[in-house]
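Open the structure in your viewer and keep the selection tool at hand. We will go from one stop to the next, and at each one I will say what to pick and what is there.

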Amino acid sequence: MKLDVLAFGAHPDDVELACSGTLLKLISEGKKVGIIDLTKGELGTRGTEFTRQEEAAAASSILGIEVRENLDLGDGTFDLSHTNKLKVIEMIRKYKPTMVLANATHDRHIDHPRAASLVKDAVFLSGLKKIETSLDGTRQEAYRPTSIFHYIQHYHMAPDFVIDITPFQNKKIESVLAYKTQFYNPDHKEDETPISSKRFLRFLDGRAREMGETIGAEFGEGFTSSTPLVYDLKTLL
């Protein structure tokens with residue numbers, strides 16, 4: 001299956017929190033989108049790897065994505081080894097996305113910038129013919145996506161560009177709240193965490209409004225790029 005966009009997240013819910021509005025916008029335009037979770041989020045205070053798997057499936061249904069896979073690299077413990085890079089390369093070569101979205105390059109959770117580096121390295125290495133990978137016993141062809149961008153997460157970062165997600169903000173929040181064990185849910189009685197309060201939901205709303213304001217929209221999602229962005233002058237005039 002050839003995808004237009006493949007979004008990677010260190011944990012189930014990373015993508016929903018930071019760039020699902022953009023994915024919804026792309027899907028509304030006819031683009032094929034998939035998500036790859038690097039870990040099962042098994043170290044999270046609330047829920048289990050099994051409940052998070054169920055929640056990820058529910059969120060995926062809300063978003064309407066084509067496919068979702070989990071590489072199970074180890075929450076909090078995965079490294080930038082060649083073995084892990086090969087696993088990410090296999091996904092890139094399998095789905096051949098034009099664009100890759102990945103975690104923030106600087107953030108509160110140690111897995112987020114590590115995931116950003118892992119995916120960025122894999123995007124480059126995936127284009128090298130001498131890096132060999134196989135899928136179901138068949139050798140994969142070298143393939144490199146056209147672009148990789150990093151979504152902004154907990155820490156404030158100045159975006160290189162912002163996407164207007166105003167028509168999709170409500171459904172984005174619906175996909176976030178599909179993770180019933182992780183975010184505010186008055187019926188869930190596990191220990192409170194930094195992301196399980198009403199305050200965190202207000203933070204999400206405020207961040208989206210802040211990003212949107214920079215482009216004259218009600219809600220937005222910001223991204224950074226590690227490579228120079230190329231603009232067609234026709235789109236600027």
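Is Thr-51 buried, partly exposed or exposed? Select Thr-51 in this predicted model: with a relative accessible area of 24%, Thr-51 is partly exposed, because buried would mean under 20% and exposed over 50%. Thr-51 sits in helix H2. Now add Thr-181 to the selection: 130 residues separate Thr-51 and Thr-181 along the chain, yet their C-alpha atoms are 7.7 Å apart.

**The whole chain**

Zoom out and colour by secondary structure. The chain holds seven helices and nine strands. Its C-alpha atoms fit a box of roughly 50 × 50 × 30 Å along the principal axes. The radius of gyration is 17 Å, which agrees with the value near 18 Å that a compact globule of 237 residues would have. Of the 237 residues, 48% count as buried. The accessible surface comes to about 11700 Å², and carbon and sulfur atoms account for 53% of that. Among contacts between residues at least 6 apart in sequence, 81% join residues at least 24 apart.

**The sheet**

Next, show the strands alone. Seven of them make an open sheet with mixed pairing, in the order E3-E2-E1-E4-E7-E9-E8. Select 67-70 for strand E3 and 161-164 for strand E8: these are the edges, and each has a single partner strand, so one side of each has no neighbour in the sheet. From one strand to the next, the twist averages 25°.

Walk inward from E8 to strand E9, residues 220-224; E8 and E9 are antiparallel and share four bridges. Pick Asp-164 here, and you will find its bridge partner in E9, Gly-220.

Now move to strand E4, residues 99-102, which runs parallel to E1 and is joined to E1 by three bridges. Val-5 has Met-99 in E4 as its bridge partner. On to strand E7, residues 147-151: E4 and E7 are also parallel, with four bridges. Keep Met-99 selected, since Met-99 stands opposite Ser-147 in E7.

**Helices to add**

Bring back helix H3, residues 82-95. H3 packs on the sheet and touches strand E1 (5-9), strand E2 (33-37) and E3. The direction of H3 makes about 160° with that of E1.

Then show helix H1 (residues 14-28) together with helix H2 (residues 49-63). How far apart are the axes of H1 and H2, and at what angle do the helices pack? The axes are 10 Å apart, and the angle is about 35°. Turn on side chains for Glu-16, Ser-20, Leu-24 and Ile-27 in H1, which meet Ala-59, Ile-62 and Leu-63 in H2. By class, this contact has five nonpolar residues, one polar and one charged.

**Two loops with a positive phi**

Most residues other than glycine have a negative phi, and the last two stops go the other way. Select Lys-96, in the loop between H3 and E4. Lys-96 is not a glycine, but its phi is positive, about 45°. Its relative accessibility of 28% makes Lys-96 partly exposed.

Finish at Asp-136, in the loop between strand E5 (134-135) and strand E6 (138-139). Asp-136 likewise has a positive phi, about 55°, without being a glycine. Is Asp-136 buried or exposed? Asp-136 is exposed, with a relative accessible area of 78%.

Technical notes
Residues numbered from 1 in each chain as written. Predicted model: local features only at pLDDT ≥ 70, side-chain atom pairs only at ≥ 80, totals over all residues. Heavy atoms only, no water. Pairing = 2+ DSSP bridges. Axes fitted to C-alpha atoms, helices over the stretch in contact; angles between N-to-C directions. Contact = heavy atoms within 4.5 Å. Rg over C-alpha atoms; globule rule 2.2 N^0.38 Å. Buried < 20%, exposed > 50% of the residue type's maximum accessible area, 1.4 Å probe, protein only. Areas by Shrake-Rupley, 256 points an atom, 1.4 Å probe, with all protein chains shown as cover. Nonpolar A, V, L, I, M, F, W, Y, C, P; charged D, E, K, R; others polar.
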